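Here is a short report for a reader new to this structure. Start with the sequence and the model, then follow the text from one site to the next.

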Amino acid sequence: MTPKKKATGKSKESAKRPTSTAKKASKVEERSRRPRIGVLIGDDHSVVREGLASLIGRKADMTVVGEAGNGREAVDLWKEHRPDVTLLDLRMPELDGLGAIKEIRAVDERARIIVLTTFDGDEDIYRAIQAGAKGYLLKDVPREALMDCIRRVHAGETWYL
């Protein structure tokens, strides 16, 4: 007679599979190894900047690299940080959003810039696209649509809502 093996409750296959805790830990490690999307925010309203920074800061795949209160500061911070994606308002002091887009794209034509504004006139949209904006959103856009736009523009797509 051959001796019976003691049952452990696990098959050979289940013993090889990582536990759900191990799976979760490996996914967290994988996300933390991936580079985060660096975002520069340019808006002359501090409450808007702080709100956007808070929303973006809560995303595991994004980080805010700078906040500018006017177009000139946005260009300077862009040159300093070279963000992956820039969010710009159209109407800002010292240098408006269109001027900032043109100056940034003169340095790097691959710069990924999203206009985030309250102005929805056809002429504003057309001029932003002509200047090189890769996205155009109104400030009343749902949060997740904004985050999706940042991800898509970072991936090389264009996004206009």
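## A loop residue and its surroundings

Glutamate 94 sits in the loop that links strand 3 to helix 5 (97-107). The model is a predicted one. Glutamate 94 has a positive phi of about 70°, although it is not a glycine. Is this residue buried or exposed? Glutamate 94 counts as exposed because its relative accessibility is 66%, and the cut-off for exposed is over 50%.

Arginine 82 also has a positive phi without being a glycine, here about 45°. Its place is the loop between helix 4 and strand 3 (85-88). Arginine 82 has 44% relative accessibility, so it counts as partly exposed.

Asparagine 70 lies in a loop too, between strand 2 (62-68) and helix 4 (71-81). Its relative accessible area is 12%, so asparagine 70 is buried. Buried means under 20%. What does asparagine 70 contact, leaving aside its neighbours within four places in sequence? The contacts are Met92, Pro93 and Glu94. A polar atom of the asparagine 70 side chain also lies 2.7 Å from the backbone nitrogen of glutamate 73.

The table sets the residues of this report side by side.

| Residue | Element | Relative accessibility |
|---|---|---|
| Valine 39 | strand 1 (37-42) | 0%, buried |
| Asparagine 70 | loop between strand 2 and helix 4 | 12%, buried |
| Arginine 82 | loop between helix 4 and strand 3 | 44%, partly exposed |
| Glutamate 94 | loop between strand 3 and helix 5 | 66%, exposed |

## A buried strand residue

Valine 39 belongs to strand 1 (residues 37-42). With a relative accessibility of 0%, valine 39 counts as buried. Which residues does valine 39 touch, not counting those up to four places away in sequence? They are Ile56, Thr63, Val64, Val65, Gly66, Pro83, Val85, Leu87 and Ile150. Valine 39 and arginine 82 are 43 residues apart along the chain, and their C-alpha atoms are separated by 9.2 Å.

## Helices and their cover

Helix 5 has these buried residues: Gly97, Leu98, Gly99, Ala100, Ile101 and Ile104. Their cover includes helix 4, strand 3, strand 4 (113-117) and helix 6 (122-131).

Now turn to a pair of helices. Two packed helices are described by the angle between their axes and the distance between the axes. Helix 3 (residues 46-57) packs against helix 7 (residues 143-154) at an angle of about 70°, and their axes are 11 Å apart. Helix 3 is therefore roughly perpendicular to helix 7. Angles of 65 to 115 degrees fall in that class.

Which residues meet in this contact? Helix 3 brings Leu52, Leu55 and Ile56, and helix 7 brings Arg143, Leu146, Met147 and Ile150. By type, the contact has six nonpolar residues, no polar ones and one charged. Ile56 and Ile150 also touch valine 39.

## The whole chain

How many helices and strands does the chain have? Its secondary structure comes to seven helices and six strands. From the N terminus on, the elements run α-α-β-α-β-α-β-α-β-α-β-α-β.

The chain has 161 residues, and 37% of them count as buried. Take the contacts between residues at least 6 apart in sequence: 61% of these join residues at least 24 apart. The accessible surface of the chain is about 10100 Å², and carbon and sulfur atoms account for 50% of it.

Methods: Residues numbered from 1 in each chain as written. Predicted model: local features only at pLDDT ≥ 70, side-chain atom pairs only at ≥ 80, totals over all residues. Heavy atoms only, no water. Axes fitted to C-alpha atoms, helices over the stretch in contact; angles between N-to-C directions. Helix = DSSP H or I, 4+ residues; strand = E, 2+ residues; numbered from the N terminus. Parallel < 35°, antiparallel > 145°, perpendicular 65-115°, else oblique. Contact = heavy atoms within 4.5 Å. Nonpolar A, V, L, I, M, F, W, Y, C, P; charged D, E, K, R; others polar. Buried < 20%, exposed > 50% of the residue type's maximum accessible area, 1.4 Å probe, protein only. Areas by Shrake-Rupley, 256 points an atom, 1.4 Å probe, with all protein chains shown as cover. Polar contact = N/O pair within 3.5 Å; in protein donor to acceptor, adjacent residues only side chain to side chain.
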